[in-house]
Amino acid sequence: MTQAYQDTQQAGATIDVRYVANLARLNLTDAEVATFQAQLSQIVAYVNEIRALDVEGVEPTAHAAPVRNVFRDDVVVPGLEREQAIANAPEHSADLFKVPTIVE
Amino acid sequence: MGKYRTTIGLEVHVQLKTHSKMFCGCGTDFGAPPNTHVCPVCLGYPGALPVMNRDAIRLTVISGLMLGCRINSYSKFDRKNYFYPDMPKNYQITQYDLPLCLGGSVEIEVGGRVRTIGITRIHLEEDVAKNLHYATWSGIDFNRAGVPLMEIVSEPDLESPEEASAYLLALRQILTYAGVSDCNLEEGNMRCDANCSLRPADRVELGTKVEIKNINTVKGVQGALEYEEIRQAEALDGGRTIVQETRRWDADLGITSSMRTKEDAHDYRYFPEPDLMPVALPAEQVAAWKAALPELPQARRERFVAQYGLPEYDARVLAAERAVADYFEAALRLIPGSPKAVSNWVMTDVLRVLSERTIDIGRFPIPADALAELIGLAEKRVINSNTARDVFALMLDEGGRAGDIVKTRGLAQVSDTAAIEKVVEQAIAENAKSAEDFRQGKAAALKFLVGQVMRLSKGKANPQMATEMLVARLGKG
Ligand SMILES: [Zn+2]
């Protein structure tokens, strides 16, 4: 269970906006942090209202629609031509997407 | 054992044998030119929607059943969020809290000690792209992105690098038997993350664990863990604490080194994948798969001993690989009276050729029924064992059936007394010196004379009969 998720599990807990923004690679100004802090707190408070409900006997679910087992057959279908695929890349070589050197 | 106890757990990633990727119809064949098996889904285009590959689910469940897992009646997919160039969506579709399979175990044997290694879970996820590194830039090939990858997580039950290696080999054998993966290490079909910790022998609680990422050979896993055992023991001896970290294995240098990952790198903010509906396999479906499971390697070994009376050693060699065991049984079905002869031919001649030519049995030129025909001729003494080996070589290089080769080349063994007698006489006449030597008690001379009989008969004489006749003629025995 992640930290951000656990935080929202505790009523009244505040979200660490800077931490979450950093995980999402977002650079926020102090003003933006303040704005999102207020907005996210409202959202968490709203979600926390569910805690007041009696959900005894209600199965937790990740999806609201009663649909299960949506599969496709294991069949190969043509995708994109390589030229098409790499055309949108900011940079590419003859056959690869080019990115800044990856340091492991 | 020494001062410390080692605790190891393995996470093994296995590429499933499907034609198409996990969530799109792109092909999965290895070695295709870069970025030729790609589409909006596996390139992570916004708005492209994934659809689950039915067979990837089936193969994962079959793996679970082979390993004695419980199959979750309700399973779902989640997003694991992180940023890396090989993952263009910035999340990997995987399974977090409701994997397809739970529990299970693998039996291993190291140094005569049999142990049961627990399996925690098996989940299904998509593979990431392949990074290629150049002097001033890196390149990404998305052919592998989205290929179905099954992750098998073991309990921290392994107590030594040898056990880890035995576990991997046993797992690979079972998965190959199940036909769910080629488990080809060279093609990256099987990759492994190893967790390893040491603790003083008298302590119960586990020490700080270190994770070694992405090792792709069985030898590498053993080497990396052997290195870690020494490194951690030295640190503990020196009163230093072990840092919880991720390390990489350098096979060339034979060392592990720290990967200096960021502190928050493990906060993946998992949440349910909204684009995929849950999987709830009907119990009848799972039961049908279970009923159709192939025999486990160990069960097959035991059956080879019980049913065919083969020595333990033969059974182990023959059952090591499912395709070889299938080949053996296919040949044996045609000459059911000669299990040991078939075993000898497969173990020595067939496996030797496979190793010389570095091919697998699927590409072995002599089909099982053709080998059975050859062995049948040798067993019925239609041809002697030397001729049988020659016919085998001919079949190997030119194909054809043993019966035809024996007939057209006139290779049938001569067991006609009069005919052999004639050749024996000729051999004695032409080699009077050797005949005399044998009479004088030189046993080696007999071998030479039998050889001459075989030569004069073009290999067709029954060597047993020739020997007996020579001994009778030369009056010694
Ligand atoms: Zn695709």
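This dialogue walks through a predicted model with chains A and B.

Trainee: Where do I start with chain A? How many helices and strands does chain A have?

Mentor: Count the elements, then read their order. Chain A has 4 helices and 2 strands. Along the sequence the pattern runs α-α-α-β-α-β.

Trainee: What share of the residues of chain A count as buried?

Mentor: Burial is judged by counting neighbours. A residue is buried if 20 or more other C-beta atoms lie within 10 Å of its own. In chain A, 9% of the 104 residues count as buried.

Trainee: Now the contact between the chains. How many residues does each chain give?

Mentor: Take each side in turn. Chain A gives 34 residues, and chain B gives 43 residues. On the side of chain A that touches chain B, four elements of chain A give two or more residues: helix 1 (3–9), strand 1 (71–72), helix 4 (82–87) and strand 2 (97–99).

Trainee: How do the residues on that side of chain A divide into nonpolar, polar and charged?

Mentor: Sort them by class. The side of chain A that touches chain B has 18 nonpolar, 7 polar and 9 charged residues.

Trainee: Which strand of chain B pairs with strand 2 of chain A?

Mentor: Look for bridges across the two chains. Strand 2 of chain A pairs with strand 10 (residues 138–141) of chain B. The sense is antiparallel, over 3 bridges. For one position, find A:V99. Its opposite in strand 10 of chain B is B:S138.

Trainee: What is the strand order in the sheet that holds this pair?

Mentor: Follow the neighbours from one edge to the other. The order is 2(A)-10(B)-9(B), an open sheet of 3 strands with antiparallel pairing. Strand 2 of chain A and strand 9 (130–133) of chain B are at the edges. Each has a single partner strand, so one side of each is left without a neighbour in the sheet. On average, neighbouring strands of this sheet are turned by 30 degrees against each other, direction ignored.

Trainee: Let me try another sheet. Which strands stand at the edges of the sheet 5-4-16 in chain B?

Mentor: Read the two ends of the order. This open sheet of 3 strands in chain B is antiparallel. Strand 5 (91–94) and strand 16 (271–272) of chain B stand at its edges. Each has a single partner strand, so one side of each lacks a neighbour in the sheet. Strand 4 (residues 78–81) of chain B is joined to strand 16 of chain B by 2 bridges. In that pair, B:D78 has B:P272 as its bridge partner.

Trainee: What about strand 12 of chain B? How many of its 11 residues are buried?

Mentor: Count burial along the strand. In strand 12 (residues 190–200) of chain B, 8 of the 11 residues are buried, so the strand is largely enclosed by the rest of the structure. Now look at its partners. Strand 1 (residues 4–15) of chain B runs antiparallel to strand 12 of chain B, with 11 bridges. Strand 13 (residues 210–215) of chain B also runs antiparallel to strand 12 of chain B, with 4 bridges. Try B:C196 in strand 12 of chain B. B:C196 is the bridge partner of B:I8, and B:V210 in strand 13 of chain B is a bridge partner of B:C196.

Trainee: On to helices. At what angle do the axes of helix 2 and helix 3 of chain B cross?

Mentor: Compare the two axes. Helix 2 (residues 161–178) and helix 3 (residues 218–237) of chain B cross at roughly 160 degrees, and their axes come within 8 Å. An angle over 145 degrees counts as roughly antiparallel. The two helices of chain B are therefore roughly antiparallel to each other. Their crossing is right-handed.

Trainee: Which residues of helix 2 and helix 3 of chain B meet?

Mentor: List the residues helix by helix. Helix 2 of chain B brings residues including B:L168 and B:L169, and helix 3 of chain B brings residues including B:V221 and B:L225. By class, this contact has 7 nonpolar, 2 polar and 3 charged residues.

Trainee: One last feature. Where does B:N90 lie?

Mentor: Place the residue first, then check its backbone angle. B:N90 lies in the loop between strand 4 and strand 5 of chain B. Its phi is near 70 degrees, a positive value in a residue other than glycine. B:N90 is partly exposed, with 13 other C-beta atoms within 10 Å.

Definitions and conventions:
Residues are numbered from 1 along each chain as its sequence is written. Chains are lettered from A and ligands numbered from 1 in the order in which they are written. This is a predicted model: local features need pLDDT of at least 70, side-chain atom pairs count only at pLDDT 80 or more; totals for chains, interfaces and linings use all residues. Two residues are in contact if their C-beta atoms, placed from the backbone, lie within 7 Å. Ala, Val, Leu, Ile, Met, Phe, Trp, Tyr, Cys and Pro count as nonpolar, Asp, Glu, Lys and Arg as charged, and the others, Gly among them, as polar. Two strands pair if DSSP finds at least two bridges between them. Axes are lines fitted to C-alpha atoms, for helices over the stretch in contact, and angles run from 0 to 180 degrees between N-to-C directions. Angles under 35 degrees count as roughly parallel, over 145 as roughly antiparallel, 65 to 115 as roughly perpendicular and the rest as oblique. A crossing is left-handed if the near helix is turned anticlockwise from the far one by less than a right angle, and right-handed if clockwise. A residue is buried if 20 or more other C-beta atoms lie within 10 Å of its own, exposed if 12 or fewer, and partly exposed in between; C-beta atoms are placed from the backbone.
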